[in-house]
Amino acid sequence: MRKHSRQEVQKITGKAALLSALSLSALTVLSGCSGSGAAQADNAKPVAEAPKGAQPTASDEKITIEYWQYEFPAKVELVNKLIQDFQKTHPNITIKHTNFPYDQYNEKVATLVPAGKGPDVINLYYGWLPKYVSSGYLQPLPESEFSEAKVKAEFFPFVDAAKLNGKYYAIPTAVRTLGLFYNKDLFTKAGLDPSKPPATWEELITYAKKLTETDKNGQFVVEGLAWQPGAQLHHWFRDALIYQAGGKDTSEDRRKLLWNDSPAGLEAFSYLVDLAVKHKVGINGFYNDDITAFKGGHAAMNVDGSFQLGSIKRDAPNLNYAIAPLPSYKSKATQASFWANAIPKNVEGKKLEAATEFLKFLTSKEVQEQWVEKIGELPAKKEVALQEKYTKDEKLGPFIEQLSVANSHFFVDEKLERDYFTQAVDQILLNKTDYKTAFDELVAKTQKLYDDYWAKQDKK
C-alpha cells in the first residue's frame, strides 16, 4: 500500500468495521463529522473553513459539504489552499475539511457513513474500493461529468482499478509508480558509475552485492538493496516482477489469480526472496524500515514510490540520489497505485451537485500540477503528466516513462493480501519452508479471498 510516502504507508494499521467486513487494518481512513450535521467524532481534526470569496447573489443557495482525508501534513496544507481557490469561483459552496489519524480512517468510515453521517467527498486508497463498494459506502460517480468515454480518454489505463460492476466509483488526482532509488555517492564509493544504474534483474543483483557493506561480525552497515516485503516489495512482486517474468496477475474478470498458471509467478517470488536469503543484500527491518535506511545513507538502493520524492526533499535535502526505471527481465513493468476521491452513497441533491463540482476541480490540470509540486505524486491525467517539464525532469521523468507499462492489482482485501505475502516470506526466512510450498500456500490463501468475495457479489 499502501502508501503515499513510505512514512504514511507504514503508519497504515487499521481495522475497518462493519466491522469485520472491512478489515483493512494497516491502512485506515479518515473519519469526522458530516456535512449533514453529525457531531464531531473523537480525534477528528477539523480544519478551518475556507474564507469566502465574492458574496453569492440572493438567488444562489448556500451549500456546505465536507471533505475527509487522512492526516498527512503536506496534503492537509495543500487541500486547505485548494479549498480557498475553489471558494473564490464557487462562493455559494462552503467546504469543511476534516482529517483523521491514518489508523482510525476506515473504522470511522465503517461506523459513520452507513448512518448517513459521513463526508460528502472522501479521499481513499484505491485498494479499499472493493470493500467500500460491496459494503454500500459509495455511489458511482455521476456519469454526466465522469463518463466511461471521458475517463478512458483523459486518464492513464490504471484508472480502471476504480471501476467496479461497470461503473467508476472514484477518480484520482495523482498517481505513484515504483522506481529504483539509488544513492549516487555510494555508487561512486563502490566503483560503480552513477550515470548507469542497473537495468536488468541480473544487474540489480550484481550492483547490490557490490554496494553491500558488513562489519566484522557480518552485520549490515549498508544494504545493497533495502528489503522490506511489507512496504513496497509486495507491490513490486504483483504488478512488476510477475509481468516482467512473462506472467500475469489476475484474469481479465479479476476472479482468478494467475500467479501459478505459468512458471513466472514462482520465478518472480523466488527472485525477490533470494535477494535476502541467497544474495544477502538486504534484511527486513534494517534501520527500522527501508525508506529510513535509504534517507540515512544506510541503503544504497530502494524500490519505492514517487511519493517519496517529497519526503526525501523534506527529511534528507542533501541526499545525493537519483531515480531509474525498475530493472526489467523479459519485459518492462511497474506498479501504479493511487489515492482517489469518491462520493458516499447518501449524498444527494444540491450536495451531490456541489460534491461533483469539487471533484471536477480536484482533477483539473491546475490542481494536478500543484500536487506534483507540493506532494511529489504524478498527475493522473495523460495530458498533464506528459508535459515536457515533467517528462524531462530528472526525478519525475523515470516514473512518468513507466506509466504506460504500469499495473494496478485488484485488491479484495489490501491488508490481508499484504499480510499473506509477508507471512509466506517469513515462512521461508524463519521456518526454512521451501519456496514452492510457501508460494503455493500464498496463492491458495489469496485465491480464497477472491472466491469468497465474488461469491458474495454473485448473490447480490
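Which residue in E3 does Tyr70 stand opposite? The views below come from a predicted model.

**View 1. Strands E2 and E3 pair side by side.** Strand E2 covers residues 63-70. Strand E3 covers residues 93-100. The two run parallel, and eight bridges join them. Tyr70 stands opposite Phe100 in E3. Gln69 has Asn99 of E3 as its bridge partner.

**View 2. A helix links the two strands in a β-α-β unit.** The unit is made of E2, helix H2 and E3. Helix H2 spans residues 73-89. The unit is right-handed.

**View 3. Strand E2 also pairs with strand E4.** E4 takes in residues 121-125. Two bridges join E2 to E4, and these strands run parallel. One contact to look for is Tyr67, whose bridge partner in E4 is Val121.

**View 4. Strands E2 and E3 are mostly buried.** Is E3 largely enclosed or open, and why? Seven of its eight residues are buried, so E3 is largely enclosed by the rest of the structure. Here a residue is called buried when its relative accessible area is under 20%. E2 is mostly covered, with seven of its eight residues buried. In a regular strand, side chains alternate between the two faces of the sheet.

Definitions and conventions
Residues numbered from 1 in each chain as written. Predicted model: local features only at pLDDT ≥ 70, side-chain atom pairs only at ≥ 80, totals over all residues. Heavy atoms only, no water. Buried < 20%, exposed > 50% of the residue type's maximum accessible area, 1.4 Å probe, protein only. Helix = DSSP H or I, 4+ residues; strand = E, 2+ residues; numbered from the N terminus. Pairing = 2+ DSSP bridges. Right-handed = clockwise from strand over helix to strand, strands pointing away.
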